Amino acid sequence: MRDFELNLTPEEESLKQYKYMEKAKLLVAEKEKELGRKLTFHVTTFGCQMNARDSEKLVGILSEIGYVEAEDERADFVIYNTCTVRENADNKVWGRLGYLKSYKKQNPETIIGLCGCMMQEQGVVEKIEKEYKHVNLVFGTHNIYKFAELACKTLQSKGLVVDVWKENDKIVEDLPMKRKFSFKSGVNIMFGCDNFCSYCIVPYVRGREKSREPKDIIREIERLVADGVCEVMLLGQNVNSYGKNLEHPMSFADLLREVNKIEGLERIRFMTSHPKDLSDDLILAMKECDKVCGHMHLPLQSGSDRILEIMNRHYDKAKYLDIVRKLREAVPDIAITTDIIVGFPGETEEDFQETLNVVKEVGYDSAFTFIYSKRTGTRAAKMDNQVPTDVVKDRFNRLLEEVQTISAERAKRHEGKVMPVLVEGINEHDNSLVTGRLENNLVVHFKGTEDMIGKIYNVKLSECKGFYYLGELA
Ligand code: SF4
């Protein structure tokens, strides 16, 4: 069965899934008739933006087959789209499944589905089969496009439906998707990762890098723009190595140039950029392309060459700082943000000082700082020189203080300027204000109304409050 399925072209696969949607629609309609009410669903997303985008596909298909979105997990079809980057993300899912067990006792017809990275991890499916018998459906990251078919099977089955694949090089396009925001959207440009950083589980659960064809990416963005989207975030674990394995290779810089030509699109963002693959041509493309936001998220992870090598990052401090210099030369006001891990196995105070030095030298606009957490299944988890918790905590606090002081300083530099802001919503605490984002990702609150959501306005940044601005329409 699997071999036959793998021989279908992506177009044939997509058609097949639409047929399953038709079938599922009938099954859902029958059930609704029986119960005398609409059926509901709820999708909970853990983890990164790639998972968020995958969840939009699940929501799209569930809506297409007739389910209505519920506010919480008390629904007829509950899905957890899981993440496995950190071990405590797994624990959260196990905990929530415990809660769903008692809910399902009272509502035995509820379907519980699990998908995402955690399902790709060794031993997880076996654990579900043995200990979580109330789960109905388990699938992985490689066959999410088969969700309509799997939903159909689950609706007709009394037992557990499991379909988790180790690999898949097929990318199936054109399936329904329901976006969370009307005006901005993530767009996957590639899947998987080839890098094997020693602390990271992603290559083991997401598989090897596969890039989407540029024409498919462009077509998707054109459709999004026609549907009211003005900002896209191009997504991949390592966007800088986009296109290397395509039949007709294309660089990420050239993809940006193509996306920049799309009429009606106003802002282009991307993540994540691995420093080892960041080319001079990409920096040039950022300078040339007026729609590409002046923001680069460039994970540092550590400022120590010794630690970077053990992390298997394939760059050193000098190369990293050189990229930063070139970026600032090309795009003078660029915002640079980063990720830093503190307490990687074997990290000494000297290594940590190296990290602090890079933080001071670069002057990040913001930084996500993480305490190293052991991830079973990675090389780093087997290293025997784990740093004691109190030492890590002390370093983490020192780093956080440095990072926060610098980013508050950096944010201030725009005070008094007039800059374009994309309005994202009504302010959560004061509904006379709207909240939006600058190109550099900083948040701005200013007087406004709901009809401004999704549009770009020139706003005077009157007062910097550290990590956000209060402004007024210019
Ligand atoms: S680049 Fe490294 S950290 Fe990022 S997903 Fe790949 S292996 Fe993980």
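This is a short talk about the aromatic pairs, the nonpolar cores, the ligand shell and a few backbone oddities in one structure.

Okay, hi everyone. Before anything else: this is a predicted model, so please hear every value as computed from that model.

Let's begin with the rings. Searching the whole structure turns up 12 aromatic pairs. Take Phe77 and Phe147: the ring centres sit 6.0 Å apart and the planes make an angle of 70 degrees, so this pair is edge-to-face. If you want the reasoning, anything over 60 degrees goes in that class. Now, where are these two in the chain? Phe77 belongs to strand E3, residues 77-82, while Phe147 belongs to helix H6, residues 147-156. They are 70 residues apart in sequence, so the pair ties those parts together. Both Phe77 and Phe147 are buried. And they have company, as Tyr67, Phe77, Phe139 and Phe147 make up one aromatic cluster.

The next pair on my list is Phe252 with Phe270. That one is edge-to-face as well, with 5.1 Å from centre to centre and 80 degrees between the planes. Phe252 is in helix H9, residues 252-260, and Phe270 is in strand E11, residues 267-271, so the pair links distant parts of the chain, 18 residues apart. Buried or exposed, then, for Phe252? Buried: Phe252 has a relative accessible area of 3%. Phe270 comes out at 8%, which also makes it buried, because the limit is under 20%.

Two lysines also sit over rings. Lys127 lies over the face of Trp94, 4.4 Å from the ring centre. Lys184 does that with Phe181, at 4.8 Å from the ring centre.

On to the cores. How many residues does the largest nonpolar core have? It has 72, and the residues with the most contacts inside it are Ile221, Leu234 and Phe252. So Phe252 turns up again, having already appeared in the pair with Phe270. As for which element gives the largest share of this core, that is helix H12, residues 317-330, with 6 residues.

Let me zoom in on Leu234. Setting aside neighbours within four places in sequence, the contacts of Leu234 include Val187, Ile189, Ile221 and Val239. Leu234 also touches both members of our second pair, Phe252 and Phe270. Further contacts, among them Leu256, Val259, Ile268, Arg269 and Met271, are on that list too.

There is a second core, separate from that one, with 30 residues. Phe41, Ile79, Ile144 and Cys152 are included in it.

Now the ligand. What surrounds it? Among the residues there are Cys193, Asn195, Phe196, Cys197, Tyr199 and Cys200. Then come Val202, Pro203, Gln237, His274 and Arg313. By character, the shell divides into 7 nonpolar, 3 polar and 1 charged.

A side note on Val85, which sits in the loop between E3 and helix H4, residues 87-106. Val85 counts as partly exposed, at 41% relative accessibility. Leaving out residues up to four places away in sequence, Val85 touches Ile201, Val202 and Arg375. Val202 is one of the residues around the ligand. Asn195 is another of those, and here the C-alpha of Val85 is 15 Å from the C-alpha of Asn195, with their positions 110 residues apart in sequence.

One more loop residue: Asn7, between helix H1 (2-6) and helix H2 (10-35). Asn7 is exposed, at 64% relative accessibility. Asn7 and Lys170 are 163 residues apart in sequence, yet 9.7 Å apart in space, C-alpha to C-alpha.

Last topic: backbone oddities. Most residues other than glycine have a negative phi, and most peptide bonds are trans. Against that background, which bond is cis, with omega about 10 degrees? The one joining Met271 and Thr272. Thr272 is in the loop between E11 and helix H10, residues 280-288.

For phi, Asp174 is positive at about 60 degrees although it is not a glycine. Asp174 lies in the loop between strand E6 (161-163) and strand E7 (184-188), and is partly exposed at 35%. Asn441, not a glycine either, has a positive phi of about 85 degrees. Its place is the loop between strand E16 (433-437) and strand E17 (443-447), and Asn441 is partly exposed at 30%.

That's what I had, thanks.

How values were computed: Residues are numbered from 1 along each chain as its sequence is written. This is a predicted model: local features need pLDDT of at least 70, side-chain atom pairs count only at pLDDT 80 or more; totals for chains, interfaces and linings use all residues. Side-chain values use heavy atoms; hydrogens and water are left out. Rings of Phe, Tyr and Trp (its six-membered ring) pair if their centres lie within 6.5 Å; planes under 30 degrees apart count as stacked, over 60 as edge-to-face and the rest as tilted. Helices (H or I, at least four residues) and strands (E, at least two) are DSSP runs, numbered from the N terminus. Buried means under 20% relative accessible area, exposed over 50%, partly exposed in between (1.4 Å probe, protein chains only). A charge sits over a ring if NZ of Lys or CZ of Arg is within 6 Å of the ring centre and within 35 degrees of the ring normal. A nonpolar core is a set of buried Ala, Val, Leu, Ile, Met, Phe, Trp, Tyr and Cys residues joined through side-chain atoms within 4.5 Å. Contact means heavy atoms within 4.5 Å. A residue is near a molecule or strand if one of its heavy atoms lies within 4 Å of it. Ala, Val, Leu, Ile, Met, Phe, Trp, Tyr, Cys and Pro count as nonpolar, Asp, Glu, Lys and Arg as charged, and the others, Gly among them, as polar.
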